[in-house]
Amino acid sequence: MITGELLVRVLKNIGIKMNENKQLLTELDAAIGDADHGINMNKGFAAVSKKLEEVKSDDCGEILKTTAMTLISTVGGASGPLYGTAFLKASIVAKGKIELDKKTIIKMFEEAIKGIVMRGKAQIGEKTMLDALIPAYEALKESIEQGDELSIAFNKATYAACEGVEKTKNIIATKGRASYLGERSIGHQDPGATSSYLMIKAIADTLI
Amino acid sequence: MKKIINNPENVVNEMLEGIVKAYPEYVKRVEGFDVLVRANLKEKVTLVSGGGSGHEPSHGGFVGEGMLDGAIAGEVFTSPTPDQVFEAIKAVDQGKGVLLVIKNYTGDVMNFEMAMELADAEGIKVESVVVNDDVAVENSTYTTGRRGIAGTIFVHKIAGAAAEKGLKLDEVKRIAEKVIKNVRSMGMALTPCTIPAVGKPGFELPEDEMEIGLGIHGEPGTHRDKIKNAREIVTHLMDKILADIQINENEEVVVLVNGLGGTPLMELYIANNEVDKILKEKGIKTYKTIVGNYMTSIEMAGFSISILKLDDELKELLDEKADTPAFKQI
């Protein structure tokens, strides 16, 4: 079970992770894009952490909706609408709930991914954040279905996300700014997949 | 990093303040937002454009009579957020509809689309066009298509003139799309640029090399090469541009030789001289030539060439009056 209080801690830890990896994400982006991913993600989640101080509700849906709207209005670029939409879709599943059980978490994750697919018009295997998120979702779902604790399930998801990020190195980008590079994007890991991996890792780290 | 700034976090805000103080007769700021709107809005279809900052004078510099009515400045090289775009739409809407001019970058397209959804929900009539003039990028294999770069200026100018003449939204959109269909661009760079918040150059380029076909955000180009002279560089870019669009002998074009921010006008004029020679050799007529910094990439040294094929309609609108801080035509 994830309570509202724990959920806020998860989101704040994502912020800490983004701050720690600001440079890494920016450097990954510089290789194939425009060198702003780390800056924007850090800025967005710093704003989320600040905004969450004002949310007095235990409603997980409310917390996630605040997160979504803050990301949409501070991140910009492609990551703002994509992550914003993901959190917004998850918030709809969590609406009115003061605790998130395993089944709800799987559903939230699923809806979040659907949101990204819809907004970004992308699929797995196109060198995007989905290449980390979809394997993570599948690992999480499988683990929970096997009866694992949430913390273990998120650890397995982190591992799957990390593998997904590695795989992005071998893909020619066809989505996002890296797509303009075509073959030159080979050899570079995707910054969006990397920030997604960091997010999953932050969740896993918080649940331990 | 050597830059005349205060705090990297405040560059966009302070730049906008500076623009408003320089051109109060042209633009005013929407309070609390990174949005500039025309000081004297007219009852007509309105045009909104924008994108990341760092491309000055794009986009705020083109707000004024005959061009844009609103411009949104995102963070440096980052597309603006939907709420900012939505504010711009609301601020300029005169009830006759708003046309959004978007450059084809995933982030821009998504954020502008979300803003359109917000505007639709409020009952504001909004349409959009996506500029994709950069021939450096193949558009057959890659579904996101090509980038939008300096050719966007022609969309602002010509669609802006159409709106100023009182044409309806669907007509203004049709004309904007016609410009997009007929404009091709390609650029190159000699040096990288530094995003203030990053503090170091986006990429490294050896002293004797140049990057061909790169985008306006310092994102890597199609390839690198040993630096060549102006004639060879221009020939390469023009070959790519003219291979992509059919322009027959005696047809007319307008040429834009656009500096990326760090290249002296002297070099842009030299490049333009080569462009002109190539067009003459092919029997293509240059109706008008524009040389200068219009769509820059902070202090990147380099330039792009844009060629717009004209017909009578586009020519007439091109000739209409424009009075903006960065583009004036009597």
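## Aromatic pairs

Across all chains of this predicted model, there are six aromatic pairs. One of them joins A:Phe45 and A:Phe87: the ring centres are 6.2 Å apart and the planes meet at 65 degrees, so this pair is edge-to-face. It ties together distant parts of the chain, since A:Phe45 belongs to helix α3 (residues 37-54) of chain A and A:Phe87 to helix α5 (residues 79-94) of chain A, with their positions 42 residues apart. Both A:Phe45 and A:Phe87 are buried.

Chain B has an edge-to-face pair too, made by B:Tyr23 and B:Tyr26, with 6.1 Å from centre to centre and 75 degrees between the planes. The two partners are not equally covered: B:Tyr23 has 30% relative accessibility and so counts as partly exposed, whereas B:Tyr26, at 12%, is buried. Elsewhere in chain B, ring pairs gather B:Phe62, B:Tyr294 and B:Phe327 into a cluster.

## The two helices behind the Phe pair

Let us return to chain A and look at the helices that carry the two Phe residues. Helix α3(A) has 18 residues, which should span 26 Å at 1.5 Å a residue, and its end C-alpha atoms are indeed 26 Å apart. Its buried residues include A:His37, A:Ile39, A:Met41, A:Phe45, A:Val48 and A:Leu52. Who provides the cover? Among the elements over the buried residues of α3(A) are α1 (4-20), α2 (22-32), α4 (60-74), α5 and α9 (191-207) of chain A. Helix α5(A) therefore appears twice in this picture, as part of that cover and as the home of A:Phe87.

Helix α5(A) counts 16 residues and reaches 22 Å from its first C-alpha to its last, close to the 22 Å expected at 1.5 Å a residue. Of those 16 residues, 13 are buried, so the helix is largely enclosed by the rest of the structure. Just after α5(A) comes A:Gly96, which takes a positive phi of about 80 degrees.

## An open sheet in chain B

Chain B contains an open sheet of six strands with mixed pairing, in the order β9-β8-β7-β12-β10-β11. At its edges lie β9 (223-226) and β11 (285-292) of chain B, each of which pairs on one side only. On average, with direction ignored, neighbouring strands of this sheet are turned by 20 degrees against each other.

Strands of a sheet pair through backbone hydrogen bonds, in either a parallel or an antiparallel way. Strand β10 (residues 252-259) of chain B pairs with β11(B) in the parallel sense, over seven bridges. For B:Val255, the bridge partner in β11(B) is B:Thr289.

## Helices on the sheet

Helix α5 (residues 169-182) of chain B lies across β7 (183-189) and β12 (302-309) of chain B, and runs at about 55 degrees to β7(B). Helix α6 (residues 230-244) of chain B also packs on the sheet, where it touches β7, β8 (209-212), β9 and β12 of chain B. The direction of α6(B) makes about 155 degrees with that of β7(B).

## Cysteines

How many disulfides does a search of the whole structure find? The count is zero over all chains. Two cysteines are worth a look while you have the model open. A:Cys60 has 0% relative accessibility and so counts as buried; B:Cys193, at 4%, counts as buried as well.

Note on methods:
Residues are numbered from 1 along each chain as its sequence is written. Chains are lettered from A and ligands numbered from 1 in the order in which they are written. This is a predicted model: local features need pLDDT of at least 70, side-chain atom pairs count only at pLDDT 80 or more; totals for chains, interfaces and linings use all residues. Side-chain values use heavy atoms; hydrogens and water are left out. Rings of Phe, Tyr and Trp (its six-membered ring) pair if their centres lie within 6.5 Å; planes under 30 degrees apart count as stacked, over 60 as edge-to-face and the rest as tilted. Helices (H or I, at least four residues) and strands (E, at least two) are DSSP runs, numbered from the N terminus. Buried means under 20% relative accessible area, exposed over 50%, partly exposed in between (1.4 Å probe, protein chains only). A disulfide is a pair of cysteine sulfur atoms within 2.5 Å. Two strands pair if DSSP finds at least two bridges between them. Axes are lines fitted to C-alpha atoms, for helices over the stretch in contact, and angles run from 0 to 180 degrees between N-to-C directions. Contact means heavy atoms within 4.5 Å. The expected span of a helix is 1.5 Å times one less than its number of residues.
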